[in-house]
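Colleague: I would like to learn how to read salt bridges in a protein model, and I would be glad if you could take me through some cases slowly.

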Amino acid sequence: MLEPALYVVATPIGNLQDMTPRAVEVLQQVELIAAEDTRHSARLMAHFGIDTRLVSVHEHNERQRIESIVHQLASGSSVALISDAGTPLISDPGYVVVKGVREQGYRVVPVPGCVAFVAALSAAGLPTDRFVFEGFLPHKASARKQQLKGLLDESRTLIFYESPHRILASIKDMLEVFGAERRVAVARELTKTYETIHVDKLSALLEWMESDSNQQRGEFVVLVEGVSSEQKPELDARALEVLDILLAELPASQAASLAAKLTGLKKKVLYQAALDR
Ligand code: SAM
């Protein structure tokens with residue numbers, strides 16, 4: 001018998017064998033499962049012989065769902081929260097429900113398992129001691145570049161989620177903002193048949209991806225190595241912004257020379273950055 005609580009249950013990100021025995025047990029024993037997409041989760045339930053009632057919880061009804069979930073908990077029943085893949089709340093719905101349920105004094109219990117970015121990080125060979133999870137970048141190119149520019153000075157490993165529709169555009173923007181030499185790992189279709197983890201410098205990685213359209217299909221985690229301490233003082237986001245403004249009007253050498261005067265940085269470094277861009 002489960003203790004009455006909201007159980008936040010991780011499900012697989014591709015390979016069904018990654019479902020934990022505890023996740024199956026909890027989903028079998030709760031009275032209600034709140035799922036991001038009930039039709040999607042019905043297939044998972046069928047596979048594991050789980051016949052618990054499913055209700056939908058997505059970004060448009062999270063607030064209303066709190067009430068019905070709290071009602072269940074108040075009557076001594078247990079509820080599980082799942083998303084389409086991996087851990088709920090991680091670039092997925094659930095935050096509003098978890099916060100609301102806690103605020104009303106009920107227990108929330110994690111049932112951990114897959115998270116796509118942790119799987120990617122664990123196998124990519126980029127630094128793992130400190131990292132930043134950025135989730136999905138904005139869809140619009142201008143907003144995406146702006147966000148990337150804000151991360152230019154970040155020394156921790158950067159982690160992004162990306163869809164097949166935007167993977168090429170995002171990698172191109174990363175190349176433009178971070179420069180050709182920055183190391184990047186693209187983890188595609190993790191735990192699935194066509195799992196690929198490719199690590200290279202940004203320019204080489206883009207070339208590789210462009211030359212094989214299969215590498216643009218599926219689900220992606222993109223990891224970008226943080227800026228190293230030697231590079232850091234030379235090119236900060238502000239300096240690149242100044243350089244970009246000047247490059248729109250002037251040839252690279254003149255832009256670099258003026259940018260050096262305005263920022264106090266070395267012309268040589270700015271000139272190289274101008275060529276990279
Ligand atoms: N909650 C999930 C988690 O725990 O990682 C993520 C949900 S988010 C809506 C879906 C995104 O996660 C995908 O667009 C992709 O960026 C990433 N993702 C999910 N499964 C993946 C996989 N098998 N391989 C690579 N990336 C994956």
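Modeller: Let us begin with Glu210, which in this predicted model counts as partly exposed, its relative accessibility being 42%.

Colleague: With which residue does Glu210 form a salt bridge?

Modeller: The general idea is that side chains of opposite charge can pair when their charged atoms come close. Here the partner of Glu210 is Lys172, and the closest N and O atoms of the two are 3.5 Å apart, which is within the 4 Å that the rule allows. Since Lys172 lies in helix α7 (residues 167-178) and Glu210 in helix α8 (residues 202-210), the pair ties together parts that are 38 residues apart in sequence. Lys172 is also partly exposed, at 38% relative accessibility.

Colleague: Which parts of the chain does the pair of Glu3 and Arg107 link?

Modeller: The side chains of Glu3 and Arg107 meet in a salt bridge with an N to O distance of 2.7 Å. This pair links distant parts of the chain, for Glu3 sits in the segment before β1 (6-9) and Arg107 in the loop between α4 (95-103) and β5 (108-111), 104 residues apart. Glu3 is partly exposed at 48%, and Arg107 is partly exposed at 42%.

Colleague: Is Glu189 buried or exposed?

Modeller: Glu189 has a relative accessible area of 14%, so it is buried, because buried means under 20%. Glu189 forms a salt bridge with Lys192, their closest N and O atoms being 3.3 Å apart, and Lys192 is partly exposed at 28%. Salt bridges that share partners join Glu189, Lys192 and Glu219 into one network.

Colleague: How many salt bridges does the count come to?

Modeller: By this rule, the count comes to 13 salt bridges.

Notes. Residues are numbered from 1 along each chain as its sequence is written. This is a predicted model: local features need pLDDT of at least 70, side-chain atom pairs count only at pLDDT 80 or more; totals for chains, interfaces and linings use all residues. Side-chain values use heavy atoms; hydrogens and water are left out. Helices (H or I, at least four residues) and strands (E, at least two) are DSSP runs, numbered from the N terminus. Buried means under 20% relative accessible area, exposed over 50%, partly exposed in between (1.4 Å probe, protein chains only).
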